[in-house]
Amino acid sequence: MRVDFVKAVELVLARDADALFVTGDLGFNALEGLVAKYGKRFINAGVAEQGMIGLAAGIALTGKRPWVYSIAPFATYRCLEQIRNDVCLHQLPVRIVGNGGGYTYGIMGSTHHALEDLAVLKVLPNMQLFFPCANDQVAAAVALQAELDGPSYLRLAVSAYSTERTPLSEHPLTLTRSYATRADRSKPGVTVIGAGHGVQVALRALAAHGLDRENVDVFGVARFPFRLAEDSALLASLLETKNVVFVEEHYAAGGMGESMKLALPQFTAFSLMSASYRPDQRYGSAAFHMQQTQLTPEALVMLVQTQLRAT
Amino acid sequence: MSEGLEPAALARAALAIRRQFLRMHHEARSGHVGSGLSAIDILTYLYSEWLRPNDQFILSKGHGASSLYATLHHFGKLSDAELATYYKDDTLLPAHPAPRGVAAIPAATGSLGHGLPIAAGMAYSYRYLRSTDARVACLLSDGECNEGSTWEAALFAAHHRLNNLTVFVDANGIQGFGRTEDVLTLEPFAKKWEAFGFDVSECNGHDFAALHAALAEPSTHRPRCVIARTVKGKGVSFMENTVDWHYWPMNDAHYAQALAELDRAESESFR
């Protein structure tokens, strides 16, 4: 998604003279083009995330609109108080971009995983979260962020189960994607929802693990706060199936699944597949971590089948 | 900057601000009295002499908010009606500055170490993005120079040659739980700022002529830091140089004595 992001943000910088780019000393082999082209509108704040967010807020107070980039864990946790006080309380158009959401940076180790980023940011006042489902959704998310007068966060990631599946539809504002619809709407079904790149687990399950033989609707959500009232296709599916399996590459506590469950009618059956931190945690590729935490297409298919049998 | 500095006029203004400040705290029964008293002379100088219409001031030591409110009121930037709401329900003037509260206060502070990064960002924008000659002043406490984020911003300001940024440190030598030298040694303080790439002056932060002189040095390409040596609780003998008056509110007797001391100081200075 990083390549798609750089392309999209370049369009914003070209179009909006008040936009600028700030990095926390990351972006090697990706941002060099911006450095050359944008001069003083490109700032390397150094390895100093608190200062980076604070100065971006100061710049925004002068009427500018900074994009602030680092890897997801660094762009969010160390500087959380700066995001809360300097950006969110002041309702400033600071666009924070975290690369490597979830287990993207697998073998880099736990310090580089971002499995709480959406949780800590979603509670902040005025904050809007964008977590694209796939590379081909990054430009739409960036374009929406560019229109906001207030704070936002963009979570870029690479899924261990990346597919090239084309969505059936995408809502222009909520960004919710429909990826598959039930063969028989009169029969019991399950609504599978993936948060951001977490939906790729479901897409792989559709393509290669038999999920397509089950009576499922598959959606990807990519924006928080949710706007379910506008998501008519998703809403219709939820009301019909009353049966949800939610997949996210994020811890359960504070995640998007938790918020989705709260937004649903109480009678909805709800299962959550999410990341976990194990006492016997081992390290490997993103795929290894997904296996270790049982966030796999095979596990999803089994969960869907179990849930269908229970209806 | 005005050529003909009139220290006596500034002293009168600072006295009036101290009276207003003490009245506010007495009425509200609010703390942080000592921290405000140490900053009032610096604030008086800034608002009387230094800040031009497009310049910005960031109070990084947010616990000094009431001293800023009293100063803004004195210089006509806060109304009587606004000031009357201080520390009351439904106010925009809480104990620490509120976000988007009043026009004259661009940033909410109160958690220490936030003001200088914000000020440095503003200065960067004015210098390089907006190309205006607007300047930014930022008032830090010495205690908040414990915060790493303060030094992150110092690195940034020096690297980008933000000579439109002036940092004032209200160096009263006392922080939350003791003297700065006992909690975390800052000295050699001026050398630290110099080493970070600032033009540094040290002066008595209650002496207007000294503050004026500290700022009169010719401008270089570097940001400036004025270490204003101050007395916490300045102007009220029993509050001076104590940790206690960081926290305590005044009772009626305290208030009466504090006012009497200001009256006495006035009659001695302006006889």
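Two strands count as paired if DSSP finds at least two bridges between them. Keep that in mind, everyone, and look at strands β12(A) and β13(A): they run parallel, and six bridges join them. One of those pairings is easy to find on screen, since V244(A) has F270(A) as its bridge partner in β13(A). Before we go on, please remember that what you see is a predicted model.

Let's stay with these two strands for a moment. How does the chain get from one to the other? Helix α10 of chain A, residues 256-263, joins β12(A) and β13(A) in a right-handed β-α-β unit.

Now zoom out to the sheet they belong to. This is an open sheet of six strands, and reading across chain A the order is β7-β8-β10-β9-β12-β13. The pairing in this sheet is mixed. Which strands sit at the edges? They are β7, residues 169-170, and β13, residues 269-275, both of chain A, and each of them pairs on one side only.

At the β7 end, the neighbour is β8(A), residues 177-180, and here the two strands are antiparallel, with two bridges between them. If you want a residue to click on, try S169(A): its bridge partner in β8(A) is S178(A). As a general reminder, strands of a sheet pair through backbone hydrogen bonds, either parallel or antiparallel.

There is also a helix to spot here. Helix α9 of chain A, residues 232-241, lies across β7, β8, β9, β10 and β12 of chain A. Compared with the direction of β9(A), helix α9 runs at about 135°.

On to the other sheet. How many strands does it have? Seven strands of chain A form this open sheet, in the order β2-β1-β3-β4-β6-β5-β11, again with mixed pairing. Its edge strands are β2, residues 42-44, and β11, residues 223-224, of chain A, each pairing on one side only. Helix α1 of chain A, residues 2-15, packs on this sheet and touches β1, β3, β4 and β6 of chain A. Its direction makes about 145° with that of β1(A).

At the β11 edge, β5(A), residues 128-130, meets β11(A) in the antiparallel sense through two bridges. Here L129(A) has F224(A) in β11(A) as its bridge partner. Another helix, α7 of chain A, covers residues 138-147 and lies across β4, β5 and β6 of chain A, at about 165° to β6(A).

Let's step back to the domains. Chain A is divided into domain 1, residues 2-156, and domain 2, residues 169-309. Their C-alpha centres lie 26 Å apart. Where they touch, domain 1 of chain A gives 22 residues and domain 2 of chain A gives 28. On the domain 1 side, the elements giving two or more residues are α6 (117-122), β5 and α7 of chain A. The largest share there comes from α6(A), with three residues. What kinds of residues make up that side? There are 12 nonpolar, seven polar and three charged ones.

Last stop: the neighbouring chain. Here 25 residues of chain B are in contact with 24 residues of chain A. On the chain B side, the elements giving two or more residues are α5 (115-129) and α6 (148-159) of chain B. Of these, α5(B) gives the most, with 11 residues. That side of chain B divides into 16 nonpolar, six polar and three charged residues.

Thanks for listening, and do turn the model around for yourselves!

Note on methods. Residues are numbered from 1 along each chain as its sequence is written. Chains are lettered from A and ligands numbered from 1 in the order in which they are written. This is a predicted model: local features need pLDDT of at least 70, side-chain atom pairs count only at pLDDT 80 or more; totals for chains, interfaces and linings use all residues. Helices (H or I, at least four residues) and strands (E, at least two) are DSSP runs, numbered from the N terminus. Two residues are in contact if their C-beta atoms, placed from the backbone, lie within 7 Å. Axes are lines fitted to C-alpha atoms, for helices over the stretch in contact, and angles run from 0 to 180 degrees between N-to-C directions. Ala, Val, Leu, Ile, Met, Phe, Trp, Tyr, Cys and Pro count as nonpolar, Asp, Glu, Lys and Arg as charged, and the others, Gly among them, as polar. A crossover is right-handed if, with the strands pointing away from the viewer, the path from the first strand over the helix to the second runs clockwise. Domain bounds come from an automatic or database domain assignment.
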